[in-house]
Amino acid sequence: MSEYSKIEHYEREYADLHHDTALNVTQGVENQPAVNPYFVRRKRRQLSTQEYVDGILAGNITILSQAITLIESNNPQHYQQAQQIIEKCLPHSGKSIRIGITGVPGAGKSTFIEAVGNMVTSLRHKLAVLAIDPSSERSGGSILGDKTRMESICTNPDVFIRPSPSAGSLGGVARKTRETIILCEAAGFDVIFIETVGVGQSETAVHSMVDMFMLLQISGAGDELQGIKRGIMEMADMMVITKADGENIHKAQLARTQFRNALHLFPLPDSGWRAQVFTCSSTEKTGLEEVWKGVEEYLDHTMTNGWFEANRNRQNKYWMYETINEALKGDFYRNPQIEARIESVEQKVLNAEMSSFIAAKELLDLYYSKK
């Protein structure tokens, strides 16, 4: 008997002696379904436009969140209902203070918003934080993790935090942030913070939808005056040097002096307000009251001289044209003739068989000829 046969023989003998022990493996049931056949997925009932509006006006956070999701959707059916909701909420909006907050990476924007948010709600304000997360250029996804960085205000009933993907839109501002502001105002939030992705040349997008533009900066990160673009500094209505605590207090004071001197070199803006510079520590809660007092002084100044209302009217006009441009762009790319032709024209450009300008003219001529 071979060695292999002996092993089989001993295995059979062992199995006969221990057939009723726990060592035996019970045969499973074959061909079981991968999903429980008794599981029933209950589809959530779609709310009507009036139900959305009533819920928003009543301050229902769940319905507000669902309405914002509807606005951010690319589904054409959702777009129609979203526009109806916005139109009905529009008369109840406009009664808030809109503040854009941006800054260099690592300036502590989320920590600053959390600290100021607690102080603002203690003054009997309702705060909405629209945090714009950068979308991946590769996958298109976003982390949307701002709520994890604002633990102390997440449970505050007077605070609504809505992280949204930037979706590659200009200036790191979510494409539908403007409409989201209207819904938040209709829901009773009288202070709106818009936290942008970070400093860049396209931050004019957030500047065009807020009443005040706040720039956060840190000290000790090299040459402070070279660490940020002049265009962003000119847009700022207030600068705040964060992390002014511990050994960094002296550096923060020095940076404050440098920025203050630099801002005086810029021409006075149309608002007639010279940007102020403050220092604060979000972790030690120092300097925050001075920052908010500066916000109130700015609002008093611009409301008194009429700039506040004029600026809002100018923004409404700007977003009218932006909406037209977006609608025309979307109609162009959804055109069936363009969809059928654009890849072949694009390939010709890549193969250097056609210039970019001629390719664009050819597609535009095709688009207008089918109208």
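**Close-up legends**

In these legends, buried means under 20% relative accessible area, exposed means over 50%, and partly exposed covers the range in between (1.4 Å probe, protein chains only). The model is predicted, so local features need pLDDT of at least 70 and side-chain atom pairs count only at pLDDT 80 or more, while totals for chains, interfaces and linings use all residues. Residues are numbered from 1 along each chain as its sequence is written, and side-chain values use heavy atoms, with hydrogens and water left out.

**View A. Strand 5 is mostly covered.**
Welcome to the residues from 212 to 218, which make up strand 5. Helices (H or I, at least four residues) and strands (E, at least two) are DSSP runs, numbered from the N terminus. Seven of the seven residues in strand 5 are buried. Which residues point one way from strand 5, and which the other way? Met212, Met214, Leu216 and Ile218 take one direction, and Phe213, Leu215 and Gln217 take the other. Both sets are buried, the Gln217 set as well as the Met212 set.

**View B. Strand 5 pairs with strand 1 and with strand 6.**
Pairing here asks for at least two DSSP bridges between the strands. Strand 1, residues 97–103, runs parallel to strand 5, and five bridges join them. To find your place in this pair, look for isoleucine 99, which stands opposite methionine 212 of strand 5. Strand 6, residues 238–242, also pairs with strand 5 in the parallel sense, over five bridges. A handy landmark for that pair is leucine 215, opposite methionine 239 in strand 6.

**View C. Glutamate 326 and lysine 176 meet in a salt bridge.**
A salt bridge is counted when a side-chain nitrogen of Lys or Arg lies within 4 Å of a carboxyl oxygen of Asp or Glu, and the count comes to six. The side chains of glutamate 326 and lysine 176 form one, at 3.8 Å from N to O. Glutamate 326 sits in helix 12 (residues 307–334) and lysine 176 in the loop between strand 3 (159–165) and helix 7 (177–186), so this pair ties together parts that are 150 residues apart in sequence. How do the two partners differ in exposure? Glutamate 326 is partly exposed, with a relative accessible area of 36%, whereas lysine 176 is buried at 8%.

**View D. Aspartate 211 forms a salt bridge with arginine 312.**
The closest N and O atoms of this pair are 2.7 Å apart. Aspartate 211 lies in the loop between helix 8 (204–207) and strand 5, and arginine 312 in helix 12, so the contact ties together parts that are 101 residues apart in sequence. Are these partners buried or exposed? Aspartate 211 is buried, at 4% relative accessibility, and arginine 312 is buried too, with a relative accessible area of 9%.

**View E. A salt bridge links glutamate 362 and arginine 341.**
The side chains of glutamate 362 and arginine 341 come to 2.5 Å, N to O. Helix 14 (residues 356–369) holds glutamate 362 and helix 13 (residues 336–350) holds arginine 341, so the pair ties together parts that are 21 residues apart in sequence. Glutamate 362 counts as partly exposed, at 23% relative accessibility. Arginine 341 is also partly exposed, with a relative accessible area of 33%.

**View F. Threonine 196 and serine 93 are in loops and make side-chain contacts.**
A polar contact is a pair of N or O atoms within 3.5 Å; within protein, one must be able to donate a hydrogen and the other to accept it, and residues adjacent in sequence count only if both atoms are side-chain atoms. Threonine 196, in the loop between strand 4 (191–195) and helix 8, is buried at 1% relative accessible area. Its side chain is joined to that of threonine 102 by a 2.8 Å polar contact. Serine 93 is placed in the loop between helix 4 (76–89) and strand 1, and is buried at 15%. Where does the side chain of serine 93 reach? The backbone oxygen of leucine 90 is its partner, at 2.7 Å.

**View G. Arginine 124 and lysine 243 have positive phi values.**
Neither residue is glycine, and their phi angles are near 70° for arginine 124 and near 60° for lysine 243. Look for arginine 124 in the loop between helix 5 (109–122) and strand 2 (127–133); this arginine 124 is exposed, at 80% relative accessibility. Lysine 243 is in the loop between strand 6 and helix 10 (249–263), and counts as partly exposed at 40% relative accessibility.
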